[in-house]
Amino acid sequence: MNTTLSARIDELIDGVLVGNRRAVSRLITLVENDSEMREEVARRIFYKTGNAYIIGITGLPGSGKSTLTGKLAKQMLAKGLRVGIVAVDPSSPFSGGAILGDRIRMNDLALEKDVYIRSMGTRGRLGGLSDAVEITVAIFDACRCDCIIIETVGVGQSEVDIAETADTTLVISVPGLGDDIQMIKAGILEIGDILVVNKADRDGAVQVVTMLETMQMLDEIHTDWKPPILMTTAETGDGVPELLEAIFQHRIWREESGAKVSLRMQRLRKELIGLLCRSFYRQLQERFHFEQELDGLLNEMLSRRQNPYDWVRDTVNSCIQKIKKGEEK
Amino acid sequence: MTIRVLVAKPGLDGHDRGAKVIASAMRDAGFEVIYTGLRQTPEQIAAAATAEDVDVVAMSLLSGAHNSLFPRVLECLKKMDGGDILVIGGGVIPESDIPNLKKQGIAEIFTPGTPTSAVIEFIKKVMAERGKI
């Protein structure tokens, strides 16, 4: 990394540490666009992170996540907490663009001194989050946010990234979104530490609660935290103070039961293994240029004249041999 | 690098179709578009623009208040360290008002009937000049 860039990063980090909003937003842009930058920034701010409590909010589109996020943030502000919000929306797989529309529900937070909001597109990653979400959370952590809310793309059956990233995960349901089977599909409800039925003022809200309770009875509980089922009407703010209280309860449970530490350990482990893989790969690719070799062979492979799995095995073995012999290609 | 745009509707103008059309077109062109909805104050627009570190603020105004609101947005942007953000406008804006708005710092005004592609090409051109793409 050249010295100008390095100095620029330090300058921005200095700004982040004193809560300068422009420094925060500029640093996030830098890491969003460059994956190597993410690792470098993560490295430099590491000792300033680890304090914020991370809350994940997920649920189908239209369930009121953004409105609820905004109301929760206001409650937190009222308690004197500093809040970071990462709002993720889906990027078009065709154009790469996105409409990031979560802020529209949080207009009254725009001028609050202790709220930091960043809207992001998923930019090609499945799972509901974008590659830059973790580093954005770290940056908010470093600028001393007490709570960070990650609001994700509407959870489908495969979008469970949020459960691994957040300390407390909220799954939001609403009445009238189709038949019961939708909700029973594995994965969605299992990741919820707190289940919320929003738009509780609508018909069918109580039925949704009953259904969730029934499912809980039938399900095996894996830990001794039984996810509470709460009703809210985010638009009016009804039920939001109780929801915040439930989040605090979950936090206390996690700290007392040791679950907090073990989950964070798992998360760190996964992140580091990913980092190791990427770093090794980058170095080896730079040295041995296998991607270029692969480009020339794809046709052979697709027409079944060459076996790609053999190629991978042979390439790895030959790299290792070359490293042993101290040769360079 | 993905271009980020804030589509903003300052003041009391309630017509949002134009803003939504341009937002969709920009998304189809690969931009990330943040739309904050109706009835935004200049302070809210500048706060959102700088918090989201957008490259462009695109304001849509059909109520005729552009001569007072557009410069106020520029002022707020400057105050919040967002003076480097490209600001463009569109809507019901008489040709005769355009030179003055440009002098104050609005990079371009796109009047009704302009194809969305013209707006997108303009943004891409400026971003390329700034070395961003």
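The expected span of a helix is 1.5 Å times one less than its number of residues. Keep that in mind for the first item. The model I am showing is predicted.

Start with helix H10 of chain A, residues 259-288. At 1.5 Å a residue, its 30 residues should span 44 Å. The C-alpha atoms at its ends are 43 Å apart, which agrees. As background, an α-helix has 3.6 residues a turn, so residues three or four places apart point the same way.

Which residues of H10(A) are buried? They are A:Ala259, A:Lys260, A:Gln285 and A:Phe288. These buried residues pack against three helices of chain A: H9 (240-257), H11 (290-302) and H12 (308-325). Just after H10(A) comes A:His289, with a positive phi of about 50°.

Next, a sheet in chain A. This sheet is open and has seven strands, in the order E4-E2-E5-E1-E6-E7-E8, with parallel pairing. Why does one side of E4 and of E8 lack a neighbour in the sheet? Strand E4 (115-121) and strand E8 (229-231) of chain A stand at the edges, and each has a single partner strand, so one side of each is left free of a neighbour there. On average, neighbouring strands of this sheet are turned by 20° against each other, with direction ignored.

One pair from this chain: strand E6 (residues 168-173) and strand E7 (residues 194-197) of chain A are parallel and share four bridges. Within that pair, A:Ser173 is opposite A:Val197 in E7(A). Helix H5 of chain A, residues 133-142, packs on the sheet. H5 touches strands E1 (53-59), E2 (83-89), E4 and E5 (147-151) of chain A, and its direction makes about 165° with that of E2(A).

Now to chain B. Are the faces of strand E2 of chain B, residues 32-35, covered or open? Both are covered: B:Glu32 and B:Ile34 on one side are buried, and so are B:Val33 and B:Tyr35 on the other.

E2(B) has a partner in chain A. Strand E3 of chain A, residues 98-100, runs parallel to E2(B) and is joined to it by three bridges. There, A:Ile99 stands opposite B:Val33. Within chain B, strand E1 (residues 4-8) also runs parallel to E2(B), with four bridges between them. In this pairing B:Leu6 faces B:Ile34. From E1(B) the chain passes through helix H1 of chain B, residues 17-28, to reach E2(B), and this β-α-β crossover is right-handed.

Key:
Residues numbered from 1 in each chain as written. Chains lettered and ligands numbered in written order. Predicted model: local features only at pLDDT ≥ 70, side-chain atom pairs only at ≥ 80, totals over all residues. Heavy atoms only, no water. Buried < 20%, exposed > 50% of the residue type's maximum accessible area, 1.4 Å probe, protein only. Helix = DSSP H or I, 4+ residues; strand = E, 2+ residues; numbered from the N terminus. Pairing = 2+ DSSP bridges. Right-handed = clockwise from strand over helix to strand, strands pointing away. Contact = heavy atoms within 4.5 Å. Axes fitted to C-alpha atoms, helices over the stretch in contact; angles between N-to-C directions.
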